Amino acid sequence: SADRRHQPANLDGLGQSYGRISGDEREAPLMWDANYGGPNYSFQAYGKSPLMLSMLGGIVGDTAVWRAQSEYAKAWRFKHPSPWDYAFFMSSALKRDLGWFWYYWLFTTESVDGAISGVESARGKTTVTVRQDGQMPSPVVLKVQFAPTGAKIRVLPNAVMTDSATAIVTYPVDVWFGGSRTFQAPLDFGARKIEKITLDPACRFPDRDVTDNKWPREAMAATPAALPFARRPRCE
């Protein structure tokens, strides 16, 4: 629909919305035969794949996913690809080992459950402790918002400044592959005061509980039980 309106597609919020309903016993994994889709067959067959691709875009970039999808369509036109062909082709086109990604999205109904569990600052350096209680790993993406004035911000190699007082810092999904449930994210931007930190600001990763994704904590109103096609969560 965005293409029809001549507007750039916005996939933010899609991936995170799955976290609210993942693990529902009525949902069958994507790789199950459609005959065993159960009461959530429509979501399994049509609704879940866009959420999966939203998260993939959050890992490798939307442009890279669109390019790989286009290459896949051209390579397999008039043929009969299997799910394995798709997974192998996309991993190759994106030049990533995505075996973990396909496993969780295609064979399970697991989710991410990340949280900012602590923030400590000393001598101009800040350490953010991120906790992962879900089974599906995801990159650690932090939106760091600074005070509007103060010392010059020292830009980190893994950070992108979106404006003069906001940085997006990314640590790869590999930080979880050693088995630890916590990750200490070092932020050495200098002496400028940090006012707010948000985990997964684009809402790309299926987080079961987003109320613990911000520091300092914010009071959040209770939300009704989510449905497979629930509205997108509000993203930063």
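Modeller: In this predicted model, two rings of Phe, Tyr or Trp count as a pair if their centres lie within 6.5 Å, and planes over 60 degrees apart make that pair edge-to-face.

Colleague: How many aromatic pairs does a search of the whole structure find, and which residues do ring pairs link into a cluster?

Modeller: The search of the whole structure gives a total of 16 aromatic pairs. Ring pairs also build a cluster, whose members are Tyr18, Phe43, Tyr72, Tyr86, Phe89, Trp100, Phe101, Trp102, Trp105 and Phe177.

Colleague: What geometry do Tyr72 and Phe89 adopt, and which helices do they tie together?

Modeller: The ring centres of Tyr72 and Phe89 are 5.7 Å apart and the planes meet at 65°, and since planes over 60 degrees apart count as edge-to-face, the pair is edge-to-face. Tyr72 belongs to helix H3 (residues 62–75) and Phe89 to helix H4 (residues 83–94), so the contact ties together parts 17 residues apart in sequence, namely H3 and H4.

Colleague: Is Tyr72 buried or exposed?

Modeller: The cut-off for a buried residue is under 20% relative accessible area. Tyr72 has a relative accessible area of 16%, and is therefore buried.

Colleague: Which strands stand at the edges of the open sheet with the order E1-E2-E6?

Modeller: This open sheet has 3 strands with antiparallel pairing, and E1 pairs with strand E2 (residues 125–132) over 8 bridges. Two strands each have a single partner, so one side of each is left without a neighbour in the sheet; they are strand E1 (114–122) and strand E6 (182–187).

Methods. Residues numbered from 1 in each chain as written. Predicted model: local features only at pLDDT ≥ 70, side-chain atom pairs only at ≥ 80, totals over all residues. Heavy atoms only, no water. Pairing = 2+ DSSP bridges. Helix = DSSP H or I, 4+ residues; strand = E, 2+ residues; numbered from the N terminus. Phe/Tyr/Trp six-rings, centres within 6.5 Å; stacked < 30°, edge-to-face > 60°. Buried < 20%, exposed > 50% of the residue type's maximum accessible area, 1.4 Å probe, protein only.
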